[in-house]
Amino acid sequence: MTGASHTDSFAQSNPGAMYVGISDGSGLLSGYYPGSGGEVAVAGSGGHAITFSGSYADVQDIMNSLTYVANVGSGTDDIHYDVWNQAGVETDDDVPVTVQAAGGTDT
């Protein structure tokens, strides 16, 4: 899995920080945002959970950079995300992932 997105018309048109938490039970997650010296890893990158806060544009940048690396073996997995906008409204969901044996591709 590479990249994700989140649409929130309220968040798009209002300043202030949003909060995002993304977690997974077995795969490894990473996300990055543009920094002054290049890409900067989001807290928790390379582990099972990442969290970050920032503007709507920052959230979009990080969601677009999101990567998932499957654990050894095949099967299914779920990536869970929680997004809170500037008004404190939460959106959460699970993204199912099917992992194929070595040599295959993830979906």
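Modeller: Helices (DSSP runs of H or I, at least four residues) and strands (runs of E, at least two) are numbered from the N terminus. This is a predicted model: local features need pLDDT of at least 70, side-chain atom pairs count only at pLDDT 80 or more, and totals for chains, interfaces and linings use all residues. Numbering starts from 1 along each chain as its sequence is written, and side-chain values use heavy atoms, leaving out hydrogens and water.

Colleague: In what order do the elements of the protein chain run from the N terminus on?

Modeller: The protein chain has two helices and eight strands. Read from the N terminus on, the order of these elements is α-β-β-β-β-β-α-β-β-β.

Colleague: What percentage of the residues of the protein chain count as buried?

Modeller: Buried means under 20% relative accessible area, exposed over 50%, and partly exposed in between (1.4 Å probe, protein chains only). The protein chain has 107 residues, and the share that counts as buried is 32%.

Colleague: Which strand gives the largest share of the negative patch?

Modeller: Patch residues have over 30% relative accessible area (Shrake-Rupley, 1.4 Å probe) and no salt bridge (Lys or Arg side-chain nitrogen within 4 Å of an Asp or Glu carboxyl oxygen); like charges, here CG of Asp or CD of Glu, are joined within 9 Å. On the surface of this model, Asp-78, Glu-90, Asp-92, Asp-93 and Asp-94 form a negative patch. Four residues of the negative patch, its largest share, come from residues 90–99, which is strand S8.

Colleague: Why does Glu-90 count as partly exposed?

Modeller: Glu-90 is a member of the negative patch and has its place in strand S8. Glu-90 counts as partly exposed because its relative accessible area is 42%.

Colleague: Val-95 is also found in strand S8; how many Å separate the C-alpha atoms of Val-95 and Asp-78?

Modeller: Val-95 is partly exposed, with a relative accessible area of 32%. Asp-78 belongs to the negative patch. Along the chain Val-95 and Asp-78 are 17 residues apart, while the separation of their C-alpha atoms is 5.4 Å.

Colleague: How many residues apart in sequence are the parts tied together by the pair of Tyr-19 and Trp-84?

Modeller: A search of the whole structure finds one aromatic pair (ring centres of Phe, Tyr or the six-membered ring of Trp within 6.5 Å). The pair, Tyr-19 and Trp-84, is tilted, with 5.0 Å from centre to centre and 45 degrees between the planes; under 30 degrees would be stacked and over 60 edge-to-face. Tyr-19 lies in strand S1 (residues 18–24) and Trp-84 in strand S7 (residues 75–84), so the parts tied together are apart in sequence by 65 residues.

Colleague: Is Trp-84 buried, partly exposed or exposed?

Modeller: Its partner Tyr-19 has 35% relative accessibility and counts as partly exposed. For Trp-84 the relative accessibility is 28%, so Trp-84 counts as partly exposed.

Colleague: What distance separates the C-alpha atoms of Ile-22 and Met-63?

Modeller: Ile-22 has its place in strand S1 and is buried, with a relative accessible area of 3%. Ile-22 and Met-63 are 41 residues apart along the chain, and their C-alpha atoms are separated by 9.7 Å.

Colleague: Which residue lies 9.9 Å from Glu-39, C-alpha to C-alpha?

Modeller: Glu-39 sits in strand S4 (residues 38–41) and counts as exposed at 64% relative accessibility. The residue at 9.9 Å is 26 residues away in sequence: Ser-65.

Colleague: What is the C-alpha separation of Ser-45 and Gly-31?

Modeller: Ser-45 is in the loop between S4 and strand S5 (49–54). At 25% relative accessibility, Ser-45 counts as partly exposed. Ser-45 and Gly-31 are 14 residues apart along the chain, and their C-alpha atoms are separated by 6.1 Å.

Conventions
Patch = residues over 30% accessible without salt bridge, like charges linked within 9 Å, V, L, I, M, F, W, Y side chains within 5 Å. Lys, Arg positive; Asp, Glu negative; His and termini not counted.
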